[in-house]
Amino acid sequence: MPEVKDDFELPEEVMLKISERPENLDKVASRVQKYDFKKKFNDFREGKKLLVLDIDYTLFDHKSCAERGEELMRPGLHEFLSVVYSEYDIVIWSATSMKWIEAKMAELGVLKNTSYKVAMLVDDGAMITVQDEEGHVVRCKPLGVLWGKFPQFSAKNSVIFDDVRHNFLMAPKSGLKIRAFRKAHKNRATDRELLKLARYLMLIADKDFTSLNHDRWERYCEKHGVTFDDLLVNDS
């Protein structure tokens with residue numbers, strides 16, 4: 001059996017080749033037909049872009065212990081979602097079960113927040129496995145499953161945040177690798193990643209995403225005169 005690899009760095013050209021393999025595209029097409037998008041809470045809005053968010057280590061430190069879930073929530077989560085909601089429809093996609101996703105989002109107060117709405121939850125059933133150039137087997141989150149089901153979205157107007165880069169294998173130009181949020185008790189006082197990324201998303205909201213390199217999002221903000229001390233007070 002091929003080795004299952006946790007995470008790795010591959011050149012973009014290699015990732016593009018993997019994303020274009022016919023056998024992988026067939027798997028995506030199969031998920032489009034078979035995956036049940038049963039947790040769609042709100043309609044997608046005309047003209048909005050698509051923001052897909054991971055949970056573990058992206059929005060929540062799922063390994064640390066705490067009496068309340070909000071103690072492990074990434075700082076600025078609700079502010080981030082409230083700001084970007086004006087331009088983006090929000091999908092939560094975790095490599096876990098739907099039961100866990102719903103429980104965690106409810107615990108964090110995401111599903112009933114009055115300042116924004118989550119369009120849909122997606123679980124591990126929509127993921128596929130692919131092989132890298134060395135034959136290692138990895139699971140990934142193919143945005144093509146969403147694009148196939150909801151054709152108003154494409155690489156031009158979709159971005160996915162995840163702390164694991166191989167989840168972008170089937171949409172390498174659409175992924176933004178976020179810094180993992182770990183050791184919440186130690187880092188929550190200084191972590192401002194989501195607030196910085198909210199600014200980035202608002203800056204690019206009118207762009208064709210295929211023209212961007214999300215790996216350079218911090219440089220993009222600096223180029224456009226945005227400092228990391230600007231915490232969105234003008235956007236709220």
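Q: How many bridges join β6 to β7?
A: In this predicted model, β6 and β7 run parallel, and one facing pair between them is Asp-162 with Lys-177 in β7. The number of bridges that join β6 to β7 is three.

Q: In what order do the five strands form the open sheet?
A: The pairing in this open sheet is parallel, and its twist averages 20° from one strand to the next. The edge strands are β3 and β7, each of which pairs on one side only. Read across the sheet, the order is β3-β2-β1-β6-β7.

Q: Which residue in β2 does Leu-51 stand opposite?
A: Strand β1 (residues 49-53) pairs in the parallel sense with strand β2 (residues 88-93) over five bridges, while four bridges join β1 to strand β6 (residues 158-162), also in a parallel run. Towards β6, the bridge partner of Val-52 is Ile-160. Towards β2, the residue opposite Leu-51 is Ile-90.

Q: Which residues of β1 point the other way from Lys-49, Leu-51 and Leu-53?
A: In a regular strand the side chains alternate between the two faces of the sheet. Five of the five residues of β1 are buried, so the strand is largely enclosed by the rest of the structure, and this holds for the residues pointing either way. Opposed to Lys-49, Leu-51 and Leu-53 are Leu-50 and Val-52.

Q: Which residue in β3 does Ile-92 stand opposite?
A: Strand β3 (residues 118-122) is mostly covered, with five of its five residues buried, and β2 and β3 pair in the parallel sense over four bridges. Ile-92 is also, with Phe-80, among the residues with the most contacts inside the largest nonpolar core, which has 71 residues. Its opposite number in β3 is Leu-121.

Q: Is α3 roughly parallel or roughly antiparallel to α7?
A: Helix α3 (residues 77-84) and helix α7 (residues 193-203) have their axes 9 Å apart and pack at an angle of about 5°. Because angles under 35 degrees count as roughly parallel, the relation of α3 to α7 is roughly parallel.

Q: How many residues of the contact of α3 with α7 are nonpolar?
A: On the α3 side the contact is made by Leu-77, Glu-79, Phe-80, Val-83 and Val-84, which meet residues of α7 including Leu-194, Leu-197 and Leu-201. Phe-80 is in contact with Leu-194, Leu-197, Ala-198 and Leu-201, and its contacts beyond four places in sequence also include Leu-51, Leu-53 and Phe-161. The contact of α3 with α7 holds one charged residue and no polar ones, and its nonpolar residues number ten.

Q: At about what angle to β1 does α3 run?
A: Helix α3 lies across β1, β2 and β6. Helix α4 (residues 98-107) also packs on the sheet, where it touches β2 and β3, and its direction makes about 145° with that of β3. For α3 against β1, the angle is about 160°.

Q: How many of the eleven residues of α7 are buried?
A: The buried residues of α7 include Glu-193, Lys-196, Arg-199 and Tyr-200. What covers the buried residues includes β1, α3, β2, β6, β7 and α8. Helix α7 is mostly covered, and its count of buried residues is nine.

Q: How far apart in space are Thr-210 and Ala-155, C-alpha to C-alpha?
A: Thr-210 has its place in the loop between α7 and α8 and is partly exposed, with a relative accessible area of 36%. Not counting residues up to four places away in sequence, Thr-210 touches Ala-155 and Lys-156. Although Thr-210 and Ala-155 are 55 residues apart in sequence, their C-alpha to C-alpha separation is 6.2 Å.

Methods
Residues numbered from 1 in each chain as written. Predicted model: local features only at pLDDT ≥ 70, side-chain atom pairs only at ≥ 80, totals over all residues. Heavy atoms only, no water. Axes fitted to C-alpha atoms, helices over the stretch in contact; angles between N-to-C directions. Helix = DSSP H or I, 4+ residues; strand = E, 2+ residues; numbered from the N terminus. Parallel < 35°, antiparallel > 145°, perpendicular 65-115°, else oblique. Contact = heavy atoms within 4.5 Å. Nonpolar A, V, L, I, M, F, W, Y, C, P; charged D, E, K, R; others polar. Core = buried A, V, L, I, M, F, W, Y, C linked by side-chain atoms within 4.5 Å. Buried < 20%, exposed > 50% of the residue type's maximum accessible area, 1.4 Å probe, protein only. Pairing = 2+ DSSP bridges.
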